[in-house]
Amino acid sequence: FAVFGLGDRLYKQFNFAARKLQMRLKQLGAQEVYRIGLGDDQHDFGYEGEFDPWLSGLLPSLVSLYSPSSSLSVSSSSSFSSLSEAKQLPPSLYSVRVLPDKDETDENRDLREEKQEENMTKREEERQKRAEEREGVLLASPLMKEIYEKGICEERGEHGAQRGSDIFGRVVSNKRLTPVSHFQKIHLLQLAVPRRSMRAALALSRGQALQEKEESASDDEVEETLFTPGSVCSISPLLPPRLTLAFLDALNLPVHARLQLRRGDAPAVLTGEEHREETGENTGEETQENQKRHEQQTDVVVKALDLFTQVVDVSGRPSRFLLKLLATWIPHPLLKEKLLFLSSRSLEAKDEFCAYCRDERRTIAEVCWDFCCNADRSSPENGSDSSSSSASSSSSSSSASGSSASSSLSSPPLSDIVSALPLIQRRKYSIANCVFLPRSEESKRRRGETEREKRQNETRETENLVSCAGDASRAQNAKGVRWLMASPFLLRMHAPGLFLWLSAESRARFMDTLVSAEESREESSQDDVVVDICFSVVESETVSLRRCLGICSSFLAELPVGSLLPFSIEASKFPASFFDLKTRLILISPGTGVAPVRSLIQQRHAAWLSESAGKRVDAKTRAAVSSFSGEKAGRRKDGDATHSERDLLFLGFRHERADFLFAEEWKTFLPWLDVRVAFSRDGVYRHLGAEPEGAAGSTARRIRDKTKIYVQDLLEEARDQVASLLIESDAAVLICGRAHPMPSQVEETLVEILETSRGFSTDAARRFLADKKRRKRYVCDTWG
């Protein structure tokens, strides 16, 4: 065996999985044919800086292992480097071809619709027979699966395609939380999601097994389980039109070109068919199975704009393989030579490739535009010969060369290009609010109303409407009739004229129907749940002052109010102890990492309010909740030590007046939460609720001569309180935010606190924190 790992030296456990796998395989008696390779993303050339020399040494080892009598020397790596630089490309994963445009005249459209109606029954029967086979074939391919689930293929109506388990939320608010003068754009996106669509999507994602498992649980309990604090919204963004149009223009593809995609055949050497054919072991049954598999091959038809906007990612960083693929297509010799040089493995080529693609953050669409459009404008024949000729001959030669170049560029290798491009990856954002707060008894009683009571209420309303229509002397009811007659719903439906021709009883039934419709609409709007997403728009500048934006963050920031956004939900991975009021918490979250912490705090605060009110609480739970009753019960004596019973929250932002997120909200939780906020660029911090009663607000404080204050400094300031909660109360720790370097710095600070406040040795403090991690009482919910 041979192992190559992908890692980043910024993390403590650098390539931990690769090292552990290598060690375990050796323990099981496996023989290592070549040394372990440890790719480092911090290398100047990325993981390829280690992968290329590792691969050049692996290939000779494999040859010497399987053909020891070969004349090739293990040390002669030139032959293998030439082999790796071969121009032969691997087979395409997908077969793509451009279909002719449809003639969408009115006459053809009518004929096509009539033909579809005639064959509707036959198509339905065939669809039911082949639905499972087609879906199985499509879902076996990642690209086909994305097209099929997003419903952008032409057959979406015929095959009933859906967006998988996606939930559609309507944007009700998309506001910027930071001022315009602040360099960082932080937005709060609020989505209203109907419970009906949410339950349908969740039922589809859970599957039959989970439905049977939670058969006895109510819908509300199932939803609250899946939407607990720490849940994540998974969003698939749409690429910017400028990138997609530039990419299509570079490939000479019309925007509305119809592309037919089919899965490519796997190489025979990978499936073992080539070996069976050579040895004569291919039986008749296997041949029939292969034929049946080829018959089941299906295709999808999708527009080029939809494919390269919603499925295939042309905004990512180009690979050397893509440049090598473009070199086989572009006819211009200088550009071809440049592409082959950039795709080679020499140090000079890697240096120039990183400077061109990585340092300048060029996307796949921009690289294709640079080379393909330049190849289209220039031609191999254009040069010194054309400049020395006459004007007429120059124009004719340039037109001829331009036509030849355009003809060669008009048929790009779409199969190879689509197979080489990555798919758009979903971006994950933590939900920033508690979606399902504990409901009051009155709301639960309303939701638990029986069908018999509903029918009685409907009958009573109908009788009132009949009496209203028959007795015109009742001014109050007549006013209700006039209001209903002037309602926007009636005006939209052109119902007033029809309403006047109805009898009193029919009019009452008609009004009852309209009232029920309006009430159901109001009830559905009130039954929507609101999902908050707090995110920062990613912006950066390159050395040449190129402005680059994050794909998903910029897409979300530009969503207008009223638009629909599909997303899926990933359940929370927080342990159950985080939701128990008996568990003390130490929460640390700088920047936009406050999103999952805010959700957790809202959930605990709602539970605290409910428990403090004394609803369905036994004596034991009351004793546990009494510790949240405020400053009077905020401290207790345990022996000689006195420690706080309130949870600790450490927040970190840059400027108090610029990016202090949800500033007014934290004061609500002060009875049971000790909040400390650091403002790094201001050089101050605030301890909310620490001032005496009657004070206007918390005072800005400084820590000695420090010009910048971070959450680690706040932990050191509250070292006694932190150590007391960690040791005596066995508090759980939650760290949210960027994955580097804050979590490792916080852990080092906690180790120092245990050393100075409780006399732990360094090894004992690290073992103490490692034990908390093992018991899931030390959790890092980080990103990046």
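**Exercise 1. Start from Gln 721, which lies in helix α32 (residues 719–727). Is Gln 721 buried or exposed, and which side chain does Gln 721 join in a polar contact?**

Keep in mind that we're working with a predicted model here.

- Step 1: look up the relative accessible area of Gln 721, which is 15%.
- Step 2: hold that against the cut-off, where buried means under 20%. Gln 721 is therefore buried, given its 15%.
- Step 3: check for a polar partner. The side chain of Asp 674 does the job, with a polar contact of 3.2 Å to the side chain of Gln 721.

**Exercise 2. Stay with α32 and work out how α32 and helix α33 (residues 742–758) pack.**

- Step 1: get the geometry. The two helices pack at an angle of about 95°, and their axes are 9 Å apart.
- Step 2: classify the angle. Values of 65 to 115 degrees count as roughly perpendicular, so α32 is roughly perpendicular to α33.
- Step 3: see who touches whom. On the α32 side you'll find Arg 719, Asp 720, Val 722, Ala 723, Ser 724, Leu 726 and Ile 727. Facing them from α33 are Leu 750, Glu 752, Ile 753, Leu 754, Thr 756, Ser 757 and Arg 758.
- Step 4: sort the contact residues by type, which gives seven nonpolar, three polar and four charged.

**Exercise 3. Now do the packing of helix α15 (residues 320–327) and helix α16 (residues 333–342).**

- Step 1: the angle comes out at about 155°, with the axes 8 Å apart.
- Step 2: anything over 145 degrees counts as roughly antiparallel, so α15 is roughly antiparallel to α16.
- Step 3: for handedness, the crossing of α15 and α16 is left-handed.
- Step 4: list the contacts. Arg 320, Leu 323, Leu 326 and Ala 327 of α15 meet Lys 336, Leu 339, Leu 340 and Leu 342 of α16.
- Step 5: break those residues down, and you get six nonpolar, two charged and no polar ones.

**Exercise 4. Which residues in helix α6 (residues 142–150) are buried, and what phi does Gly 151 take?**

- Step 1: go through α6 for burial. Leu 143, Met 144, Ile 147, Tyr 148 and Lys 150 are buried.
- Step 2: step just past the end of α6 to Gly 151, where phi is positive, about 65°.

**Exercise 5. Zoom out: how many helices and strands are there in the protein, and how much of the protein is buried?**

- Step 1: the tally is 34 helices and 22 strands.
- Step 2: of the 784 residues, 40% count as buried.
- Step 3: finish with contact range. Among contacts with a separation of 6 or more, 74% come from residues 24 or more positions apart.

Note on methods:
Residues are numbered from 1 along each chain as its sequence is written. This is a predicted model: local features need pLDDT of at least 70, side-chain atom pairs count only at pLDDT 80 or more; totals for chains, interfaces and linings use all residues. Side-chain values use heavy atoms; hydrogens and water are left out. Axes are lines fitted to C-alpha atoms, for helices over the stretch in contact, and angles run from 0 to 180 degrees between N-to-C directions. Helices (H or I, at least four residues) and strands (E, at least two) are DSSP runs, numbered from the N terminus. Angles under 35 degrees count as roughly parallel, over 145 as roughly antiparallel, 65 to 115 as roughly perpendicular and the rest as oblique. A crossing is left-handed if the near helix is turned anticlockwise from the far one by less than a right angle, and right-handed if clockwise. Contact means heavy atoms within 4.5 Å. Ala, Val, Leu, Ile, Met, Phe, Trp, Tyr, Cys and Pro count as nonpolar, Asp, Glu, Lys and Arg as charged, and the others, Gly among them, as polar. Buried means under 20% relative accessible area, exposed over 50%, partly exposed in between (1.4 Å probe, protein chains only). A polar contact is a pair of N or O atoms within 3.5 Å; within protein, one must be able to donate a hydrogen and the other to accept it, and residues adjacent in sequence count only if both atoms are side-chain atoms.
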